[in-house]
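This report looks at how some helices of one protein chain pack together and how some of its charged side chains pair. Please keep the sequence and the model in view while reading.

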Amino acid sequence: MLLLFDIDGTLLRGAAEAHRDAIYAALHAVHGVDAARVPSVATAGRTDGEIARAILLVAGVSATAIDERADDVRAECCRAYAELSQADLSHTVLPGNRELLQWCTAQPAVKLALVTGNYEPVARIKLTRAGLGHFFPAGQGGFGSDCEDRAALPPIARRRAGSDGISYPRARTIVIGDTPRDIACAHADGLRCLAVTTGPVDPAELVAADHVVDDAGELRALLQDALHASR
């Protein structure tokens, strides 16, 4: 079974401030936009590229200019995040998640990967500094640096997890996240989604998920049931 984990609000909480600052720094360096002065845009569940685009459009930057310099924004954001992020993010790991991931890696029928709106270098730095990086192998997952559209990320992750040119099967893939956009991207690919209430949204906004849980312990119980049912 392929388990595709989101990061912010799902695995970690409190690691996003430096990430926001890195995006703002990138928008200022590349486009000269002071994002702190731009009316706020909703960010939960969005990819980094989508967030950057939304801010820039509000600031009056043309879509053409955004497209032409998207790679520059990504590179500058990743560089800035490496500098701005705390060296130790272990305190941001949500309760029970380290033990949950240890349990997952002990299951021979489980593969772990990420589906996150973070640019991949940001995601890797964030999880490494939180002490969780080793659970998620390189070359796997779907990231905001792969596509601005979050709905495109689960198919990318399944393709990378597959073999012989065949994507990992939908029936054996589950997305785990904390926002309506996590749920939407899973269902857009015909996947199940388990939602956790540890993120920034009201639990009532997660009702479209296949199951909603409050913590890592409840999540583990659901995953045990799913593994048993798939045998």
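Arg124 and Glu120 both belong to helix α6, which covers residues 120-130, and they are four residues apart there, or about one turn of the helix. Their side chains meet in a salt bridge, with a distance of 3.2 Å from N to O. Glu120 counts as partly exposed, because its relative accessibility is 23% and the partly exposed class runs from 20% to 50%. Elsewhere, Asp6, Arg150 and Asp182 are joined into one network by salt bridges that share partners. All of this is read from a predicted model.

**Salt bridges**

Side chains of opposite charge can pair when their charged atoms come close. Over the whole structure, a search finds 16 salt bridges, and the table lists some of them.

| Salt bridge | N to O distance |
|---|---|
| Arg124 with Glu120 | 3.2 Å |
| Arg79 with Glu76 | 2.6 Å |
| Asp21 with Arg20 | 2.9 Å |

Arg79 and Glu76 lie in helix α4, three residues apart, which is again about one turn of the helix. With a relative accessibility of 39%, Arg79 counts as partly exposed. In the pair of Asp21 and Arg20, Asp21 is partly exposed at a relative accessible area of 30%, and Arg20 is partly exposed as well, at 39%.

**Helix α4 and its partners**

Two packed helices are described by the angle between their axes and the distance between the axes. How do α4 and α6 lie relative to each other, roughly parallel or roughly antiparallel? The two helices pack at an angle of about 15°, and their axes are 9 Å apart. Angles under 35 degrees count as roughly parallel, and α4 and α6 are therefore roughly parallel to each other. The crossing in which α4 passes α6 is right-handed. On the α4 side, the residues in contact are Cys77, Cys78, Tyr81 and Ala82, and they meet Pro121, Val122, Ile125, Lys126 and Arg129 of α6. Sorted by class, the residues of this contact between α4 and α6 comprise seven nonpolar, no polar and two charged ones.

Helix α4, which spans residues 70-84, also packs with helix α1, residues 16-31, at an angle of about 135° and with the axes 8 Å apart. That angle makes α1 oblique to α4. The crossing of α1 and α4 is right-handed. Among the α1 residues in this contact are Asp21, Ala22, Ala25 and Ala29, while the α4 residues that take part include Glu76, Cys77, Ala80 and Tyr81. By class, the contact of α1 with α4 has 13 nonpolar, two polar and three charged residues. Asp21 therefore appears in this helix contact and also in a salt bridge, with Arg20.

**A residue in a loop**

Thr198 is found in the loop between strand β4, residues 192-196, and strand β5, residues 211-213. Is Thr198 buried or exposed? Its relative accessibility is 14%, and because values under 20% count as buried, Thr198 belongs to the buried class. Apart from its neighbours within four places in sequence, Thr198 is in contact with Gly9, Thr10, Arg13, Leu94 and Asp214. Thr198 and Ala70, by comparison, are 128 residues apart in sequence, and their C-alpha atoms are 31 Å apart in space.

Conventions
Residues numbered from 1 in each chain as written. Predicted model: local features only at pLDDT ≥ 70, side-chain atom pairs only at ≥ 80, totals over all residues. Heavy atoms only, no water. Axes fitted to C-alpha atoms, helices over the stretch in contact; angles between N-to-C directions. Parallel < 35°, antiparallel > 145°, perpendicular 65-115°, else oblique. Left-handed = near helix turned anticlockwise from the far one by under 90°. Contact = heavy atoms within 4.5 Å. Nonpolar A, V, L, I, M, F, W, Y, C, P; charged D, E, K, R; others polar. Salt bridge = Lys/Arg side-chain N within 4 Å of Asp/Glu carboxyl O. Buried < 20%, exposed > 50% of the residue type's maximum accessible area, 1.4 Å probe, protein only.
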